[in-house]
Every structure is written in structure tokens, then in C-alpha cells.
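User: I would like to go through this model by question and answer. Please keep the replies short and end each one on the result.

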Amino acid sequence: MNWTLLDRCCEKCTHSPEKPCPDYIECRLSGPLCHDDERCREMRRQRLEELRYGEKGAKIKVPMASCTLATGAEAVYHAVEDAVKNMGLEATITISGCHGLDFIDPWLELSAKGMPTAIYANVKPSDVPRILEEYFVKRDVSRAFALKERVGAASGEDKVPLLGELGFWAKQYKWVSRNCGVVNPESLEEYVASGGYRGLSRAFKLGPEATIEEILKSGLRGRGGAGFPTGMKWRITRQQKATPKYVIANADEGDPGAFMNRLLAESDPFRIIEGLTIAGYAIGANQGYIFVRAEKPLMAKRLQKAVEEARRCGLLGKNILGSGFDFDIEVILSAGAFVCGEETAMIAAIEGKRAWPRQRPPYPAEKGLWGKPTAINNVETLAHAATIMAEGAEKFAAIGTEKTKGTKMFCVTGAVKRVGAYEVPIGTSIRVLVEELAGGAPEGVKVKAVQIGGPSGGCIPANLLDLPLDYETLQGAGAIMGSGGIVVIGHENCMVDVAKFFLTFTSAESCGKCIPCRVGLRVMWSILDKITKGEGTEEDLQVLRQVAETVRSASLCALGGTAPNPVLSTLRYFMDEYAAHIREKLCPALVCSALIKYRIDEEKCIACGQCAMNCPASAISKIESGKYRIDESLCIKCGVCYTVCPVKAVYKVTGARAG
Amino acid sequence: MISVVKVKIDGKVVEVEPGTTVLEAAEKAGIEIPRLCVVPGLYEGSSCRLCLVKTPAGRLFPSCNYRVYRDEEFLASTPDLWEMRRVNFELLLKFHRIECWACERKSSCSLVELSKELLVDGIPVCSECPLPPNECLLLKGELCLGMIAQSGCNAECLVSGGECWGCRGPITREDILERAFTHYRELGFDVKEVIGKAEIYWNSAPGFATVKKVAERVAGRG
């Protein structure tokens, strides 16, 4: 194996796992520090260039994260391997995480000495030989999606935009996700080369108290949803007299539509490990846990691998970097219940008990895992902490709003052109995120509302899109920041149905420990179900509101406390839709199947018979004119005819017109 | 170490040892806080959420496991707390299989007690019946409406030796009615006869239509 940045450069280096050097991390990039040798310096320079362009001067990067794998990245990887072999290319093939730009998946990044680094979007395995030939042989980048820089050496450079100039990239502030899609998530060397572990070594130089002070100064607040100041949490945990203490990274991301934690852990796992180590050092814990959702296996695998790699290189274990601080991490798989993301339920799960939340106080900072002081932080918070320690608190505090500093990753899904994870300064308006970064609604669709904060969040109507994204504003508007999932809801969705959808999720995920959440959510769900069937009454609405308020205030944990949000926020902003379902027995968005009927427009019908052929209930038959008609007594309202009709002759009616 | 802390509940101040729960302090102050699930030392999981109390700042805590370590003030009887308890208790009853005539716990049932305290309707007169199970009037062939009539009267008619006429109105929950009418039939009563007796008081009662609907359904089972 060749020399890597993590190895000793020569005999004069005193670093060894038994006797680690405190300057080890700093020495990797700007070393050697303890001796002066031009050859050692040159080795580092050369290795850094190798990391950039590969050992052979050409590099092909294939993203391997759940999102890209789902769109076929593995097949692309094999196609690249074959093409490189067939063409006899001298190129290194490597993997990376994901940029968070899901609409370009799977992508391919090509780089070579003297050439601009080019990104190719939506690559199919069959495209690979052509792309490689264009780039490496013809030195033509005209068909690339974006370039990372222009060097004026390849043809077609002017025709391709620079990544940094593209709106959805330029408007982001890549702070915590800076390495996502850039480094190889399985290589500690690349993480260190990108500036990793500088935060930890700085924390060791500052000492635990000053580390907490630095985090406090940065103004970092928990990114898991509640927004508690991280420095404060660490300080309270540090002040506890009981020992041992524990730190836990909450990687139990379960909200539908949220994938920022997965993205971070799959693309840059070492940042999380570094953040957790810093947290452990700051509060005085020697054992850390990462609690990962078992349904995200690649995330768990990457974190596990990163822990092993860090341990191998002495960045976990005894006397880390000669600081005298011992720390190790265990990765724990959750059993997959949504409630496990609640900190007290998570503690119970790690202890091997049933994942039931318990009443706070006592808070985990006082009595947490095994009854000992425990700091639980979201993985994004920990990654932020590592970055803050490396870059300095001032830089972080300069971004964001008066009350909340820094950046936050948001996942935008639903009715938008560019689904993806975007990192923006806190306080950015929802409109910028949805319209400028995610590209707004697709053609023919109008944004009706945005659901922020997952199933526990609220629906904010389109006319409030200019609200800034920060904890207090969102709470005031009836939503929550949550983990940062944003589902954009188009005009073709019924808001009562949307509220019912989220309640289906939360009522199924309720752990059943307390009455308001266990029963209240079920009762609310059945009322919504009644309303969507056109059987709701005015009294039902009153009961719905009353139960929702009780569930919100009386529930034991945050799952129940926030689960009524979709109902309360839709009642607040979309009362007209509820009223239409109840008073006029119609569904304005033409969604609720009990209130709509399908018809065929005989003018438009081209008598192709597609509808009749696909109808599972045989409810469509030919009439005398040769056109087709739906027999309403047989129709089961599955909507197949509506989908398959090539000329959109099938339409939906509701209310009086459905008669 | 502080040896005593002052807890103020609804304006009453009591001195307790640090680490005492608010519920214990309230008991000492003579303030009754409803609760169902707590068994001190065995279960303190705060599941029922009926014993919630409020701080003056408006934060809610279950009094059964919130321990006081410094002087603190709580409100235990505000109208909004009682309203929340009532809604919460109604939720609990919603999925409770109410079958008081066959229940062994009816004489010591916290649900019955709480339903009176919280003014929640929907529990049949059987829950208050003074007769032991083997002396139930229905067993003797006397048509008593206790199973389908709203409680709250302390079963005065039964206490004074008569049967229940349902003067407080009918139960309206279909599952309870269904079980009740099934039981009437098992004991050999004609459902029509039961409805005939009920008509005397309930002819214009709001829930009577539901009662008749369920009765017909049960009778139609052949």
C-alpha cells in the first residue's frame, strides 16, 4: 500500500498509537511540524494532489448514497469499471456521498489534471462509455451538467454553467454539508485532508470548559427540532456530579420526507464522530452511542465503518491525540419505532427496555442513560459542533438570525421541480427555499401549502411563504422546525386528506403509554375519516378541535404534544375545505373518493378503450356512439381510467354536480 | 441540605420534605387531585395524565411524579385543567368495554367515581346498583332498565327496593347498548318489551332513536 496522509512521514515522526502526538492532525496538512524536511513536505503535497486527481492523474467519482443507489448508481459504477477496462483508461474510480441534489441522481464526477472537474447528471449505465470518451479522450465537456471550475483546456467549457453559479447551489450556505458529495465517506484520510479533526484537536488545546464556552458563543441550537442551546445542554451535563456520563448521537431520523441526517451520515460520517467525541470531551463522558434507525442500513454501515476506522487510527480509544482523554463509540440500531427519536424513549431502548418515553424532569442531563447524566444531540447538531470548533464560533455566529445562528439543512420534497436537501442560513424565507432552490412547483401545479417539520409539523398556506425559517416564527405559525423536512403540497391535494394522512402515521406510531396520545389520536383520525367520507357534522369539528387541544397539552412526550399540529394548522388555514366537506359534502380538491365521481367527456373521448381495458371493476362499457361511459353503480373510484386516458377525457366531479 | 420546602397549591401552603411529589403535598394540604394510574413505588409512569397540575407560568406536569426540591407553586383546580381532565377521561372511557352489570369491580371502580367527579355521562345505572350480582332484579325476571340508563342518581329506586325506570335518560353508546340488549335477550326478555318500558320516560329523549336502532338490530339477529 502507498503512503497515506495518516501514516508517519519518516523516522523522525514520534507519533504512534501508544504515544500519540498532540499535533498529529495539524501536522497532516501543514506538517511536518516537529522537524524540517522538504521531502516530508513534498510527500504531503503529492498525496493531496493524488487525493484530488487520483493516483494516475484522472479520477472518476461515483456517488454511493441511498438516494443515488435508488436511482441506479451501482449499475453506473459497474459500467464505469467496465468502460475504464475496455478503454484502457488510467483512472482511479472512487465513491463519494451525495450532494443532496436528488434531481440529478445518479451523477458522475470526472476530474483530471489540467481539465475542469465536470459533473454529469442523470447518468445511465449506457451513457458511461460515451461520457468517459468525451471527457478523457476528446477533452470535450460540452455535455456536462456543471463544471466546478473553468480552466480553458477543454472544448465546450463556456457552454456549461459553473456549479457555484447555479441558483440552487449559489444560494446555499454549505457549512455542515460541505463535504457531502465531495469526499469519500469511507476514507478517514480524505476527511482529514478536507480539514477534518481540526475541531477536536482545537478542543483539546482549549480544554473542556473553553470548548463549551466556544459552542455557547456560536449560538448553536439543537437541530433535532426543539432548538435547545447546545452549549447550555453540555454545560448542565458537565456540572452534574454523578459519573460516569454518556453522550448519545440521535440518528433516529423517522419523519416522512426528511433525509438530511441520512445524507450527512452517509456522505460525511466522520464529522458526526468528531462532533460526538468533542461532546464527550466537553461534558466528561468516556462512552458515546450513536442511535441509528435500522431502516437506513447504509447510514448505519457507514457510521459503523467510520467508528472502526477512527478507532484504528487512534482517534477513538485511549488517550486520543495525547490529550489523556479516553473515548469510544458504539453504534446501536433502533427497532424502528418513530417514538425512539424522543430522547427518553431512546434511552429506554438503549437500556434494552421497551421504547417508552418517560416524564421529564428529571432531564437526561441529570438522569439519563442508566440513570447517569447524559447529553443527547441530533447528528446534525454534532456535525455543526465539529465544524464550529474547526472554523471558530464567530464565523458561525455571523450567519443566521438574531435569535438563531448558523445554517440548517432542509429537505424539500413533494410538488417541486428539484427535490433535494439544501443547507441555508437560518432565517431564509420558505419562498426562497421552495421556489429558488427547489425550483418551485412543476408545470401545471400550484403550491397550496407547505408542511414543515414532518408529521408533527404544521401546514403553512402558500400566502405565508415569505415567513423566515426559524424556530420561533414557525412555532407562531402553527408548525415546527422539526428536523427540517418540508413537503410541498400542490393544489391537487385535499387538506383534510393531508391531515388524515399525517394522523394515520402518528396514531400508528403512538407508543400507547399515555391516554391523550393513544386514544386522542385515534379519535381524531376517525373524525377526519368521517369528514372525508362526507359524514362529518359541525359538532365533529368542535370535538376535533377540543381533543386536539387536549392531546397537545396533556400528552407525555413530544410525539403526542406535536401530533395534532397538522390538524390544528389545517383547521386554522384551510377551514373552508373542512366546511366544504361537512356542509356541501364536496371535496374541492377532488381527492376524497367518497365525495367524487368519475365521468367521461364524450366530446374528448377518442374511443380507444384504454379505460375499459384497465378498469378493475368492469364499470366502463361502450355506448352506441362508440364512446365509453362509466357505470357509477359499479365504479370503485380507483382512478385508473383517469390515469390511463391518453386525452384526459376522464374527469372528476364533486358535490351537486356529482348528484 | 434543605430539610423542608414550601409547596403552594391553589393558594394553600404546605411544608414537605424535599423530594415529595406534588400529589403527596396536595393530599397533605387536603386538595384532591384525580388520578388513575399511579401506585406509589410500583408505577409512577404518569400514563393517565389526569393528575396534571400547572405552574403559574402555564407549564403542565403530572403531580404524581413531579418532585419538589425547592419552594414552588402549582395550580391544581383551574377550569382549563378540569376541562382537560374531562376530555381526557372521556377519551379513556371511549375504548373501555363498559359492561358494569357483569363487572366484578363495580363497587370499587375508579372510573365510576371519576365519571361522577368529572360529570362525564355514559356509565349505566348498574354501576351504582346496591344489589349483589346474584340478586340482580333481571335474574328474577323483573324488567330493570339499569343496563341502558344513565347513572348519576345513586340508583335511588334500586336502593328503595324498586327497579330502574331510566329517568336520567338513555345510554347512547352503541357498543354498550348492543351488549346490554344481548344480555336482556340471554336472560329471556323480549327486546320490544324493554323498549316499551323505556318509552315511558324516553319518548322524546335525544338518544332514544339510537337505543331503538340498536334494539332492532339485536332483535333482528333471530
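User: Is helix α23 (residues 565–573) of chain A largely enclosed or open, and why?

Analyst: This is a predicted model. Burial here means under 20% relative accessible area. In α23(A), the buried residues are A:N565, A:P566, A:V567, A:L568, A:S569, A:T570 and A:L571. That makes 7 of the 9 residues buried, so the rest of the structure leaves helix α23 of chain A largely enclosed.

User: Which residues touch the most other members of the largest nonpolar core?

Analyst: The core has 86 residues. α20(A) supplies its largest share, 9 residues. The residues touching the most other members come from chains A and B: A:M524, A:L544, A:V567, A:Y578, B:I148, B:F181 and B:Y184.

User: Leaving aside neighbours within four places in sequence, what is A:M524 in contact with?

Analyst: A:M524 belongs to the 86-residue core. Two of its partners, A:L544 and A:V567, are also among the members that touch the most others. With sequence neighbours within four places left out, the full set is A:L503, A:L544, A:V547, A:A548, A:V551, A:P564 and A:V567.

User: How many residues are in the second, separate core?

Analyst: This core is separate from the one around A:M524. Its members include A:C67, A:A203, A:L303 and A:F325. Its size is 70 residues.

User: What area is buried between chain A and chain B?

Analyst: The contact takes 21 residues from chain A and 22 residues from chain B. Carbon and sulfur atoms give 64% of the buried area. The total is about 1,700 Å².

User: Which three residues supply the most of the area that chain A buries against chain B?

Analyst: The leading three supply 30% of what chain A buries against chain B. No other three residues give as much. They are A:Q359, A:I515 and A:T550.

User: Which element gives the most residues to the side of chain A that touches chain B?

Analyst: Elements giving two or more residues to this side are α20 (515–532) and α21 (538–554) of chain A. The residues of this side divide into 11 nonpolar, 6 polar and 4 charged. The top contribution is 7 residues, and the element is α20(A).

User: How many salt bridges does the rule find across the interface of chain A and chain B?

Analyst: Polar contacts are present: 8 residue pairs, both at pLDDT 80 or more. Over all chains, the structure holds 64 salt bridges. Across the interface of chain A and chain B, the number is 0.

User: Where do B:E90 and B:R86 lie?

Analyst: B:E90 and B:R86 form a salt bridge, with the closest N and O atoms 3.0 Å apart. B:E90 counts as partly exposed because its relative accessibility is 34%. The two residues are 4 apart, about one turn, and both lie in helix α2 (residues 79–94) of chain B.

User: Is B:E128 buried or exposed?

Analyst: B:E128 meets B:K116 in a salt bridge at 3.1 Å, N to O. The pair links distant parts of the chain, with B:K116 in helix α3 (residues 110–117) of chain B and B:E128 in the loop between α3 and α4 (156–159) of chain B. B:K116 is partly exposed at 38% relative accessible area. At 11%, B:E128 counts as buried.

User: How many residues apart are B:R217 and B:E174?

Analyst: Their side chains meet in a salt bridge at 3.4 Å, N to O. B:R217 is partly exposed at 37%, and B:E174 is partly exposed at 29%. B:R217 sits in helix α7 (residues 208–219) of chain B and B:E174 in helix α5 (residues 174–186) of chain B, a separation of 43 residues.

User: The side chain of A:S429 reaches which backbone nitrogen?

Analyst: A:S429 lies in the loop between β11 (420–425) and α17 (430–437) of chain A. At 14% relative accessibility, A:S429 counts as buried. Its side chain comes to 3.2 Å from the backbone nitrogen of A:V432.

User: How far is the backbone nitrogen of A:C21 from a polar atom of the A:H15 side chain?

Analyst: A:H15 is in the segment before α1 (24–30) of chain A. Its relative accessibility is 11%, so A:H15 counts as buried. Its contacts include A:C21 and A:Y24. The distance to the backbone nitrogen of A:C21 is 3.0 Å.

Notes. Residues are numbered from 1 along each chain as its sequence is written. Chains are lettered from A and ligands numbered from 1 in the order in which they are written. Side-chain values use heavy atoms; hydrogens and water are left out. Contact means heavy atoms within 4.5 Å. Buried area is the accessible area (1.4 Å probe) that two parts lose on being put together, summed over both. A salt bridge is a side-chain nitrogen of Lys or Arg within 4 Å of a carboxyl oxygen of Asp or Glu. A polar contact is a pair of N or O atoms within 3.5 Å; within protein, one must be able to donate a hydrogen and the other to accept it, and residues adjacent in sequence count only if both atoms are side-chain atoms. Ala, Val, Leu, Ile, Met, Phe, Trp, Tyr, Cys and Pro count as nonpolar, Asp, Glu, Lys and Arg as charged, and the others, Gly among them, as polar. Buried means under 20% relative accessible area, exposed over 50%, partly exposed in between (1.4 Å probe, protein chains only). A nonpolar core is a set of buried Ala, Val, Leu, Ile, Met, Phe, Trp, Tyr and Cys residues joined through side-chain atoms within 4.5 Å.
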